Amino acid sequence: MRSGTELLTQYAAYHRDRRNIATHFIGIPMIVLSLVILLSRPAIAVVDGVVVTPALILAVLSAAYYLWLDWRLGLGLIAFLIVCLALALPVAQAATAVWLVAGLGLFLVGWVFQFVGHYYEGRKPAFVDDLIGLLVGPLFVAAEAAFALGLRQELRRDIERVVGPVVTRRTDAADVPSAH
């Protein structure tokens, strides 16, 4: 099984444009929240005051996976998943139309952000070549947030050693008017 650094490096190869990364900071949290909302129905059980839903089960499994890949980033993702679960439960308990519009609306808008980012990148999303990219996306956003805060610089160096630094892609030379 690939390590967290290997998965992040593979994912980062599809995400070297700053604008693409910026859209992922919006799109990926929206998609994760949408999935948590949609999977917060049905309530399977209530155990010691905790509503057990498919979303909770998936969040626990995802949290364990993220902790295994990178415990420091995993802790941040656990905090994010807890917030998502807390936000999703009242939406899931609302009328069916509210639940569906919120969940599907966030899902669709989140993917629009993703595809706009990949338009800037000029490259297809990572999950097209490897479905594990769907799980690595939130870890990538957590890593990029850590890098922006000056944390995990050793991880950043390891990734950039393989895929290069983040840049803002310039317009293709064929699109630039000649100076002649």
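# Close-up views of the predicted model

The mean pLDDT of the chain is 91, and 93% of its residues reach 70 or more. The structure is a predicted model, and each of the legends below accompanies one close-up view.

**View 1. The largest nonpolar core comprises 38 residues.** Within this core, L8, V36, L73, L139 and L155 have the most contacts. At least two residues of the core are supplied by each of α1 (4-12), α2 (18-38), α3 (54-69), α4 (71-92), α6 (133-148) and α7 (153-163). Helix α6 contributes the largest share of the core, 8 residues.

**View 2. Contacts of L8, one of the residues with the most contacts inside the largest nonpolar core.** Residues up to four places away in sequence are not counted in this view. L8 touches L73, V136, L139, F140 and A143, and also L155 and I159. Of these partners, L73, L139 and L155 are likewise among the residues with the most contacts inside the core.

**View 3. L77 in helix α4.** The relative accessible area of L77 is 6%; because this value is under 20%, L77 counts as buried. Not counting residues up to four places away in sequence, L77 touches Y66, P138, L139 and A142. P138 stands 61 residues from L77 along the chain, yet the C-alpha atoms of the two residues are separated by 7.5 Å. L77 also belongs to the lining of the second largest pocket, where L77 is one of the residues closest to the centre.

**View 4. H118 in helix α5 (residues 96-121).** H118 has a relative accessibility of 6% and therefore counts as buried, the cut-off being under 20%. With neighbours within four places in sequence left aside, H118 is in contact with Y14, H15, N20 and H24. The contacts of H118 also include R123, K124 and P125.

**View 5. The largest pocket, with a volume of about 490 Å³.** The lining of this pocket consists of 28 residues, and I31, V32, L35, L134 and P138 lie nearest its centre. Helices α2, α3, α4, α5 and α6 each supply at least two lining residues. The largest share, 6 residues, comes from α2. By class, the lining has 22 nonpolar and 6 polar residues, with no charged residues. P138, which lies among the residues nearest the centre of this pocket, is also a contact of L77.

**View 6. The second largest pocket, with a volume of about 270 Å³.** Of the 16 residues that line this pocket, G76, L77, V141, A142 and A145 are the closest to its centre. At least two lining residues come from each of α2, α4 and α6. The lining divides by class into 13 nonpolar, 1 polar and 2 charged residues. Two of the residues closest to the centre, L77 and A142, touch each other.

**View 7. The largest cavity, one of 2 cavities of 30 Å³ or more in the structure.** About 40 Å³ of space lies in this cavity. Its lining is formed by L7, Q10, Y11, A126, D130, I132, G133 and V136. Both α1 and α6 supply at least two of these residues, and the largest share, 3 residues, comes from α1. By class, the lining includes 5 nonpolar, 2 polar and 1 charged residues. V136, part of this lining, is also touched by L8.

**View 8. The second largest cavity, with a volume of about 40 Å³.** R16, E144, F147, R156, I159, E160 and V166 line this cavity. The elements that give two or more residues to the lining are α6 and α7, and α7 provides the largest share, 3 residues. The lining has 3 nonpolar residues, no polar residues and 4 charged residues. I159, one of the lining residues, is also in contact with L8.

**View 9. Residues 171-180, over which pLDDT stays under 50.** For this segment the model has 1 contact beyond four places in sequence. Where pLDDT is low, the predicted coordinates should not be read in detail.

Note on methods: Residues are numbered from 1 along each chain as its sequence is written. This is a predicted model: local features need pLDDT of at least 70, side-chain atom pairs count only at pLDDT 80 or more; totals for chains, interfaces and linings use all residues. Side-chain values use heavy atoms; hydrogens and water are left out. A nonpolar core is a set of buried Ala, Val, Leu, Ile, Met, Phe, Trp, Tyr and Cys residues joined through side-chain atoms within 4.5 Å. Buried means under 20% relative accessible area, exposed over 50%, partly exposed in between (1.4 Å probe, protein chains only). Helices (H or I, at least four residues) and strands (E, at least two) are DSSP runs, numbered from the N terminus. Contact means heavy atoms within 4.5 Å. On a 1 Å grid over the protein atoms alone, a cavity is a set of points where a 1.4 Å probe fits but cannot get out, and a pocket is an open set with protein on both sides within 12 Å along at least five of seven lines; lining residues have an atom within 4 Å of a point. Grid points are joined across faces, edges and corners, and a volume is the space filled by probe spheres set on the points. Ala, Val, Leu, Ile, Met, Phe, Trp, Tyr, Cys and Pro count as nonpolar, Asp, Glu, Lys and Arg as charged, and the others, Gly among them, as polar. pLDDT is the predictor's confidence in each residue, from 0 to 100.
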